[in-house]
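Work through the exercises below with the sequence and the model open. Each task is followed by a solution in steps.

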Amino acid sequence: MAASDAPAAAPVAGTLHTDAGDAGYRKDLKSRHINMIAIGGAIGTGLFLGAGGRMAVAGPSLFIAYALCGVFAFFVVRALGELVLYRPSSGAFVSYAREFMGEKGAYTAGWLYFLNWSTTAIADITAAAVFAHYWSAFSDIPQWVLALIALAVVLTANLISVKYFGEMEFWFAIIKVGALVLFMVIGIFLVVTGHQVGGHTPGLATVTGNGGLFPSGVMPMLLLIQGVVFAYASVELCGVAAGETENPEKVMPKAINSIMWRVGLFYVGSVVLLSLLLPYTAYTGDQSPFVTVFNKLGIPGAASVMNLVVLTAALSSLNSGLYSTGRILRSMSVAGSAPKFTGVMNKGGVPYGGILLTAGFGVIGVILNYVMPGKAFELVLNFASIGIIGTWGMIMICSLLFVNRSHQGRLTRPSYRLPWAPWTQIVTLVFLVCVLVLMWMEGGIGRTTIECLPLIALGLVGGWYAVRNRVRRIAAGRGAP
């Protein structure tokens, strides 16, 4: 069924489900906040730090992986956008899973999302510590100390109010987008003029003279897809934020539709430029590729400024993770599937219990940075990818069930829709399964992560049996089936 790209969608009749977890929030997020949160969600640590190591492995073909994953990320956020227009909720896909899949579905969706962001928080504070080590003033400070400082600063800011979160993300996104635009302008100028970069002349010969598009073959690029999926981990954030904004039916379509061209411009465009500016062997996983380029240019202070930008990206991602998990855990808490304290809110309308729980897992990241500073990012990246794949899968399943109910005449879809449903959902689910297969084929930590899936499933099953009586009691009290 064709999608409508109208800038606004009429409220949907027949919305019967309500989520008790939506009570108490303040509608303090404005249109500009949502638009920049959508941008910030599509630009994070996965690009600013992860692209360097991936480029060194896959070469210029990395842009294909970013483009492919970007298409499916857009499908996911578009499906979530349709659900948001149907019924805005701060519980987002957890609330929709409860409506279409029951309490077990909501429980599973919520804890998979928590797995995603609790491990991503570790990746973010690790990245922040790595970026800080770039400056000599911090080079002697242990990585775990810098990780702890990053966690403490962002946690403090996140606990104040949603308005402060929105402002922080707004300016974080402005900095990230501004830096990428500047990089692309300079990069295009260098390619067009043939200006030397570290003794190398940029251009197409940089690709053709260093093994071509696939210098190590096609398989390395395919095996990196799970890491590229991590780069898009925050695109669903604007769906969570919709529950705390006024007029989401006007704001959300515009924000979501813009994600696709931003992905093409910032992700794919940046990787293509990186490939043209320097041989892929010049990049490393220990340094942001953008910093590498500016270092080679030799412009005084340029690399330091870019490093500050990528540090901002890591802190922005951490800020988003604490925000979103706090809202998701509150939705779960009022339904009985998360600890009671995660449902507690402060006077500013912030669910600080869930935020503190996620931050607690960030402390585990501090310990990892102490025990194994060189491997912490790679280790948590794989587990974060499992959480992302699970979250995206649950969103698409909810979307499928939503479309099916609309075909049965039980509800009405908004005018803003996921195109080509239900085939879009099915193809996306197949893609996600393929990503898991690729993780196993990669070997090493990727295979170990897949082998841990039965343990994750066992933990989810055990957790459900621990909370099911409370969940059913609360559901019965509100008259739910």
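**Exercise 1: a pocket and its lining**

The second largest pocket holds about 330 Å³ of space. A pocket is an open set of points on a 1 Å grid over the protein atoms alone, where a 1.4 Å probe fits and protein lies on both sides within 12 Å along at least five of seven lines. The volume is the space filled by probe spheres set on the points, which are joined across faces, edges and corners. This is a predicted model, in which local features need pLDDT of at least 70 and side-chain atom pairs count only at pLDDT 80 or more, while totals for chains, interfaces and linings use all residues. Residues are numbered from 1 along each chain as its sequence is written, and side-chain values use heavy atoms, with hydrogens and water left out.

Task: describe the lining of the second largest pocket by position, source and residue class.

Solution.
1. Lining residues have an atom within 4 Å of a point. There are 15 of them, and L115, S118, T119, F361 and F383 lie nearest the centre of the pocket.
2. At least two lining residues come from each of helix 5 (92-132), helix 15 (352-371), helix 16 (376-407) and helix 19 (453-477). Helices are DSSP runs (H or I, at least four residues), numbered from the N terminus.
3. Helix 5 gives the largest share, 7 residues.
4. By class, the lining has 13 nonpolar, 2 polar and no charged residues. Here Ala, Val, Leu, Ile, Met, Phe, Trp, Tyr, Cys and Pro count as nonpolar, Asp, Glu, Lys and Arg as charged, and the others, Gly among them, as polar.

**Exercise 2: helix crossings**

Task: at what angle do helix 5 and helix 19 cross, and with which hand?

Solution.
1. The axes of helix 5 and helix 19 cross at roughly 130° and come within 10 Å. Axes are lines fitted to C-alpha atoms over the stretch in contact, with angles from 0 to 180 degrees between N-to-C directions.
2. Helix 5 is therefore oblique to helix 19; angles under 35 degrees count as roughly parallel, over 145 as roughly antiparallel, 65 to 115 as roughly perpendicular and the rest as oblique.
3. The crossing of helix 5 and helix 19 is right-handed, a term for a near helix turned clockwise from the far one by less than a right angle; anticlockwise is left-handed.

**Exercise 3: the loop between helix 16 and helix 17**

Task: which backbone values stand out at W420 and at the bond from A421 to P422?

Solution.
1. Most residues other than glycine have a negative phi, and most peptide bonds are trans.
2. W420, in the loop between helix 16 and helix 17, has a positive phi near 60°.
3. P422 is in the loop between helix 16 and helix 17, and the peptide bond from A421 to P422 is cis, with omega near 5°.
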